[in-house]
Amino acid sequence: MCGITGFYDSKASQTDLDSQALAMANQLESRGPDDFGVWSDSKSGLAFAHRRLSVLDLSVAGHQPMISHSGRFVLTFNGEIYNHIELRSKLTKIYSWKGLSDTETILACIEEWGLDETLKNIVGMFAFALWDSENMDLYLVRDRIGEKPLYYGWQNEVFLFGSDLNSLSIHQSFENIIDRDALALYLRHSYIPAPYSIYQGIGKVVPGTIVKLSMNNILSKTLVDLKVSNYWSYRDTVLNGQINPIIGTDDNAINDLENLLMSATKSQMLSDVPLGAFLSGGVDSSAVVALMQKQSVRPIQTFSIGFSDTQYNEAKYAKLVAKHLKTEHNELYISHKDAMEVIPLLPSLYSEPFSDSSQIPTYLVSKLAKKNVTVAISGDGGDELFGGYNRYMWTSKVHNKTKKIPKVLSRFIANRILSIPPRNSEKFLNSIFNYLPNSFRVTHSGDKLHKLAGILTADSKNEIYNRLTSHWHAPTSVVKGSVEPITILTSNDIPHFSSFEEQMMYLDMLSYLPDDILTKVDRAAMGVSLETRVPFLDHRVVEFAARLPLSMKIRNGTGKWILRQVLERHVPNKLIDRPKMGFSIPIDEWLRGPLRDWAEELLDEVRLESEGFFYPKPILKMWHEHLLKKRNWQHELWDILMFQAWLHGRKCSSKKTLNEKNLY
């Protein structure tokens, strides 16, 4: 795992290329603390830079940027290719290998097969920049699902790219103009979906795509000069799954999934440094750890975060699973003080506004793991692939029942629900749940009841989904001068599905998973120089899941049915059977308590007015209602606070003098 960056500037001298590339690389030190390198070519105006976290082949033979054996290609690579040893055996040419790194393997494959064929054959997570000196072409490539980040764009006639916006923003040509339209998207989702970024002119490479810049055909030094193409498409994968569904018995499907996951997990356990796993005690992480332990001759190191507040605490469940699997378990209980110490780090860690509050425990569990290991395996992706989120189970049911209620009555019921503070309704509901089986219990029931109120008046299932996955439902009414752009979620290019559950899973795979979940984990882990791997996102597992009928994912009102059957072969169901909790923290209480002074400083009305991004009144109304416990506005307020903290951190860390125009 590493950090990559670079730029194209036809006017730059050799000295400027080297010095700028080195400065950009230094911004990525936490992504690669073990080594760094710069390659540049004044004839082409191109510079590559690299920061290395050594995981495979710890020797100098893995140094990057790396030049191919023939000298034609140059590569700066971030990620891991899990089948690279197998790929070496398929190469017909005899290479005098310098080392054992997967970077060298990729270059050899590209030389022999070409880029397109290489991408078809590799299994892994990656983001890389490739220079073809013969054809004068620069390629930016991102892995199929979006595990690794890659930003790019033109700024003042200079083409910039890198793993992190911090590396781009340090370049002397960076314009520093905040995109208000992207800010509106951020308030809706708590993240900025690809292909957008917080800065005008800078975008994200979409998962499964290649961005090509041909130096011989540059006309305007704008996005027009770039050719974007897919080498893998989740949309096509889903359509193929509809045409070629898995037909057979439940047992056959369960066996096939277990074998696939066993193989994916085994390949991702390849490492020359200590390796462990995150363990929450839920279905996904428990399945991954179980398959890891089954293939390991020694106890796997597992890591969990706990809270003193029992409704947020999953650590006790993780400990029981760890005990059953006989892992070497590590846990850390955190407090609001621990959270407060992380908050100042977040703007730099995420480099653009990001407000999934589970970013805090994710960073802390990564920090805990880094004490013992350099690589941690996670269970991310299981919910999206196998139907694990609660909304998959009840959205259609709710809509089918509520659409029969007159709109006037729906609005009345919704307003009544919203008038009761979530804490009050939660106490009442919990008193009922105490008499029901585990499968009927609901965590954070007060907040979920408020969500239900928010969708009672929805006119369609699509509107229900949009409301469930949105924080601010009308962000352009809060962000001054903004127009909300089209995204994957609002485009017309969505395949037809026989069920709304499948459509929701599809949309989550394309946006929520890469732009929220994977972003959260990558930035948090890389902030402490920890590599993370995700077996569920091996593309062969993804393609298998796309062929599964819905009945094997959701059955009898329970999600991840087939995955649970695999897990029951390794872990007793009684250790897993409980309501889905999620990796959340009590932000709502902390904002009224230990984080209040910090929040009020960032939400000061004069400050909001002078900065000029938001209309203060709706924000301050929410803040006052939250303080009085009339409503729980933690998500909406956290969106604003994370932007404000990012904006403040950006001003403080800027190494250039910016005037009002180019700052805003």
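## K11 and its partner E157

K11 is exposed, with a relative accessible area of 67%. In this predicted model, K11 forms a salt bridge with E157, and the closest N and O atoms of the two are 3.6 Å apart. E157 sits in the loop between β8 (151-155) and β9 (158-162), while K11 belongs to the loop between β1 (2-8) and α1 (14-26), so the pair ties together parts that are 146 residues apart in sequence.

How accessible is E157? E157 is partly exposed, with a relative accessible area of 43%, whereas K11 counts as exposed.

## Other salt bridges to look for

The structure holds 27 salt bridges, and two further pairs make a good next stop. The side chains of R88 and E104 meet in a salt bridge with an N to O distance of 3.6 Å. This pair links distant parts of the chain, 16 residues apart: R88 is in helix α2 (residues 84-90) and E104 is in helix α3 (residues 102-113). R88 is buried, its relative accessible area being 16%, and E104 counts as buried too, at 3% relative accessibility.

Now turn to E600 and R596, whose side chains meet in a salt bridge at 3.3 Å, N to O. Both belong to helix α24 (residues 596-602), and because they are 4 residues apart there, about one helical turn separates them. Here is the background: an α-helix has 3.6 residues a turn, so residues three or four places apart point the same way. At 33% relative accessibility, E600 is partly exposed; R596 is also partly exposed, with a relative accessible area of 33%.

Salt bridges can also join up into a group. A network of them links R31, K148, D522 and R523.

## Where α13 meets α20

How do helix α13 and helix α20 pack? Helix α13 (residues 359-370) and helix α20 (residues 500-526) pack at an angle of about 40°, and their axes are 8 Å apart. That angle makes α13 oblique to α20. The crossing in which α13 passes α20 is right-handed.

To find the contact by eye, start on α13 with Q359, T362, Y363 and S366, then look across to K520, V521, A524 and A525 on α20. The residues of this contact divide into 4 nonpolar, 3 polar and 1 charged.

## I562 and the buried side of α22

Is I562 buried or exposed? At 0% relative accessibility, I562 counts as buried. I562 is found in helix α22 (residues 561-568), where W561, I562, L563, V566 and L567 are buried. The cover over the buried residues of α22 includes α8 (250-268), α9 (283-294) and α14 (382-386).

Which residues does I562 touch, leaving aside its neighbours within four places in sequence? I562 is in contact with A253, I254, L257, F386, L548 and M552. For a sense of scale, try N216: the C-alpha atoms of I562 and N216 are separated by 52 Å, and the two residues are 346 residues apart along the chain.

Conventions. Residues numbered from 1 in each chain as written. Predicted model: local features only at pLDDT ≥ 70, side-chain atom pairs only at ≥ 80, totals over all residues. Heavy atoms only, no water. Axes fitted to C-alpha atoms, helices over the stretch in contact; angles between N-to-C directions. Helix = DSSP H or I, 4+ residues; strand = E, 2+ residues; numbered from the N terminus. Parallel < 35°, antiparallel > 145°, perpendicular 65-115°, else oblique. Left-handed = near helix turned anticlockwise from the far one by under 90°. Contact = heavy atoms within 4.5 Å. Nonpolar A, V, L, I, M, F, W, Y, C, P; charged D, E, K, R; others polar. Salt bridge = Lys/Arg side-chain N within 4 Å of Asp/Glu carboxyl O. Buried < 20%, exposed > 50% of the residue type's maximum accessible area, 1.4 Å probe, protein only.
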